[in-house]
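Reader: Hi! I'm in my first year and still learning to read protein models. Could you take me on a close look at one part of this one, and then show me how it sits in the whole?

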Amino acid sequence: MNTYLIASESYKLIDYEVEKIIQDSLNVIKYDLRTDTIIDVINEANYFSLTNEKKYIIVKSDSLFKSGKKDSDDEENVSKDVKILEKYLNNPSELSTIIFISYEQPDKRKKIFKQIHETGQVIIIPPLNKKDLTYKCMDLLKNKGYIANYDTANYIVENSYVNYDIMTNELEKVFTLLKPGSLSVKDLKEIVSTSLTSNVYTYINAIINRDLELAYKASANFEILKIDPTMVLVMLAKDFEILYMIKNGVDKRALQNHLRKEDWQMNAYMNNQDLYTLNELKKIIIRLNDYDYKVKSGLLDKSVMLDLISLEFCE
């Protein structure tokens, strides 16, 4: 198998699937189609080293597979990329495995999707709903020697933004700070609730409202509370994406039902969307994706990432 497409909203679930493919290989090259081109990827795939060592090429590639309208220039560029890729897939390199990853659900009607599905392997991981995520949380706790009923696990899920990646970060705190055994909501309050509800949400609201002083104050204790900056980045990006969808005219009631938000939460989004133009929101989402890429590729230390975001977005 020389070509894969892995799609999920979760970074960690995608990483898990990638690790199963590459196993312990050290010959791994990463590309991002926001900054690199398909030609870069294919040239790398076709390049043979003197040792003929098998290589794995991981390509962040949402634009290739997503549906929806695009700008005319973007659409033309994607179309050219697809044609080049289609030609390569008809005769792929035997020593190169290309793993396309997408953090959006791919459009199965696209020709390139069908080609990878026929000649390679497609792994689509559906989003976990709140109930499934709660049972998953109980299983992860059980595997580490903790006993938690549904209500206790549900408390972690609700305070993790109903997000798998954030939930696993919160569980790491539990594994670090609490001994294995029976868990209760009371045991978790200082670990989970204080960090997410009081600090992270305050920080996100400060960024959205361009309040630099409050953003610094809210993030001052993140390190002490063992809050992962990448978790905050995921939550911040999600909120700006919601603002973008609302500003772009998405049906509010349908969006609320899909996101499982309360009325007061949607009212807050409605008020905050007036703080930005559609173009500003688009640029912010792109910049947050850039921060995510730089941290994951080792170009930026995550310990300073949030300070840089505060300075940039609270100007």
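**A close look at helix α7 and its surroundings**

Author: Happy to! Keep in mind throughout that this is a predicted model. Let's begin with helix α7, which covers residues 150-158.

Start just ahead of the helix, at N149. A side-chain oxygen of N149 comes to within 3.2 Å of the backbone nitrogen of D151, and this happens at the start of α7. Now move along the helix itself. Its buried residues are T152, A153, N154, Y155, I156 and V157. Here is a handy rule for reading any such element: an α-helix has 3.6 residues a turn, so residues three or four places apart point the same way.

Pick out N154, which belongs to α7. Is N154 buried or exposed? N154 is buried, because its relative accessible area is 14% and the limit for burial is under 20%. Which residues does N154 touch, once those up to four places away in sequence are set aside? They are K130 and T134. To get a feel for distance, look from N154 across to L5: the two are 149 residues apart in sequence, and their C-alpha atoms are 32 Å apart in space.

For a contrast, find T3 in strand β1, which runs over residues 3-7. T3 and I116 are 113 residues apart along the chain, yet a C-alpha to C-alpha distance of 6.8 Å separates them. T3 is buried, with a relative accessible area of 3%. Leaving out residues up to four places away in sequence, T3 touches L89, I98, F100, I116, G120 and Q121. I116, then, turns up both as the partner in that distance and as one of the residues T3 touches.

Next, go to helix α14, residues 278-296, where two residues make a nice pair to compare. D292 lies in this helix and is buried, with 5% relative accessible area. Its side chain makes a polar contact with the side chain of K296, at 2.6 Å. Beyond residues up to four places away in sequence, D292 also touches Y11, K60 and L233. N279 is found in α14 too, but N279 is partly exposed, at 46% relative accessible area. The C-alpha atoms of N279 and K247 are 10.0 Å apart, with their positions 32 residues apart along the chain.

Helix α13, residues 263-272, holds N272. N272 counts as buried at 12% relative accessibility. Not counting residues up to four places away in sequence, its contacts are I208, N209 and L243.

From N209, step along to R210, in the loop between α9 (185-208) and α10 (212-219). The phi angle of R210 is near 60°, a positive value in a residue other than glycine. R210 is partly exposed, with a relative accessible area of 33%. Another loop residue with a positive phi is Q23, at about 55°, and Q23 is not a glycine either. You will find Q23 in the loop between α1 (11-22) and β2 (28-32). Q23 counts as exposed because its relative accessibility is 56%, and the limit for that label is over 50%.

Now zoom out to the whole protein. How many helices and strands are there? The secondary structure comes to 15 helices and 5 strands. The radius of gyration is 21 Å, close to the 20 Å that the globule rule gives for 315 residues, so the protein is as compact as a globular protein of that length. Along the principal axes, its C-alpha atoms fill a box of roughly 60 × 50 × 35 Å.

Inside that box, buried residues make up 44% of the 315 residues; N154, T3, D292 and N272 are among them. Of the contacts with a separation of 6 or more, 75% are between residues 24 or more positions apart. The T3 and I116 pair, 113 residues apart and in contact, is one you can look up yourself.

Finally, the outside. The accessible surface is about 17300 Å², and carbon and sulfur atoms account for 49% of this area. As for charge, there are 42 positive and 48 negative side chains, and the centres of these two sets lie 3 Å apart.

Key: Residues numbered from 1 in each chain as written. Predicted model: local features only at pLDDT ≥ 70, side-chain atom pairs only at ≥ 80, totals over all residues. Heavy atoms only, no water. Helix = DSSP H or I, 4+ residues; strand = E, 2+ residues; numbered from the N terminus. Rg over C-alpha atoms; globule rule 2.2 N^0.38 Å. Buried < 20%, exposed > 50% of the residue type's maximum accessible area, 1.4 Å probe, protein only. Contact = heavy atoms within 4.5 Å. Areas by Shrake-Rupley, 256 points an atom, 1.4 Å probe, with all protein chains shown as cover. Lys, Arg positive; Asp, Glu negative; His and termini not counted. Charge placed at Lys NZ, Arg CZ, Asp CG, Glu CD. Polar contact = N/O pair within 3.5 Å; in protein donor to acceptor, adjacent residues only side chain to side chain.
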